[in-house]
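Hi,

Here is the structure I promised to pass on. Have a look at it first, then read my notes underneath.

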Amino acid sequence: MLARPLPVMHLPSETVESLVEQLSKLPTVGRKTAQRLAAFILKMPREEVVEIARAMVAAKDRVKTCSVCFNVTDNDPCPVCQSERRDRSVICVVEEPSDVIALERTGEFRGLYHVLGGVISPLDGVGPDDLHISALVGRVAGSKATPPDGEEMPTPVEEVILAMNPNVEGDTTSYYVGQMLAPFGVTVTRIARGLPIGGDLEFADEATLSRALEGRAG
């Protein structure tokens with residue numbers, strides 16, 4: 001018995017299929033989510049779609065990396081590094097630019113930032129030389145060096161806050177950065193870890209409870 005030929009698939013719209021395919025390339029966006037996004041875009045006014053497209057292209061063309069802290073910015077150095085109101089004696093080290101946004105949203109931190117661009121992860125082929133660790137060491141060392149005659153003495157960095165994610169890669173990176181900064185006599189601290197607001201003790205794991213006890217405040 002001869003096998004029946006497979007039916008020819010006719011897509012409702014090759015243009016929509018192309019849009020879904022492109023949206024699927026975004027992180028955490030699967031095909032079903034991409035299809036929902038595409039359907040939503042089709043219902044949007046054309047002007048709003050054009051504005052989104054313009055914003056995406058502008059971000060790609062205009063956004064650059066700050067040469068000091070490696071955060072994303074339109075101008076180099078970035079506004080935080082240029083601000084005279086920031087406490088230049090404290091640097092908060094984070095993994096990605098999105099972490100800077102999260103910390104700035106709290107309104108509690110008034111120091112400077114340093115974006116590593118990731119974490120040390122041998123399984124992913126990411127080592128210390130792939131991150132902006134040497135640049136951080138240079139910032140700390142430069143702040144404590146005696147400037148040439150006639151130049152103003154920079155504010156020495158007194159504390160470096162390590163705000164990496166609480167996982168194996170984050171802990172490894174924090175330890176390495178701490179070791180690299182040890183010769184400069186700077187205080188190296190880590191953000192506290194513990195229970196989230198509204199959380200229940202009975203549902204917390206042992207590691208979280210241990211960190212909460214270690215980071216307890218008076």
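Below are my notes on one helix and two pockets.

It's a predicted model, so local features need pLDDT of at least 70 and side-chain atom pairs count only at pLDDT 80 or more, while totals for chains, interfaces and linings use all residues. Residues are numbered from 1 along each chain as its sequence is written, and side-chain values use heavy atoms, with hydrogens and water left out.

Start with helix α6, residues 133-144 (helices are DSSP runs of H or I with at least four residues, strands are E runs of at least two, numbered from the N terminus). Ile-133, Leu-136, Val-137, Arg-139, Val-140 and Ser-143 are buried there (under 20% relative accessible area, 1.4 Å probe, protein chains only). Down the axis of α6, the buried residues fall within an arc of 155°, so they line one face of the helix (the arc uses directions from the helix axis to the C-beta atoms). That fits a general rule: an α-helix has 3.6 residues a turn, so residues three or four places apart point the same way.

Now the pockets (open sets of 1 Å grid points where a 1.4 Å probe fits, with protein on both sides within 12 Å along at least five of seven lines; lining residues have an atom within 4 Å of a point). The largest has a volume of about 270 Å³ (the space filled by probe spheres set on the points, which are joined across faces, edges and corners). α3 (46-62) gives the most to its lining, four residues. The second largest pocket is about 190 Å³, and α6 supplies the largest share of its lining, three residues.

Cheers

Terms used. Expected span 1.5 Å × (residues − 1). Buried < 20%, exposed > 50% of the residue type's maximum accessible area, 1.4 Å probe, protein only.
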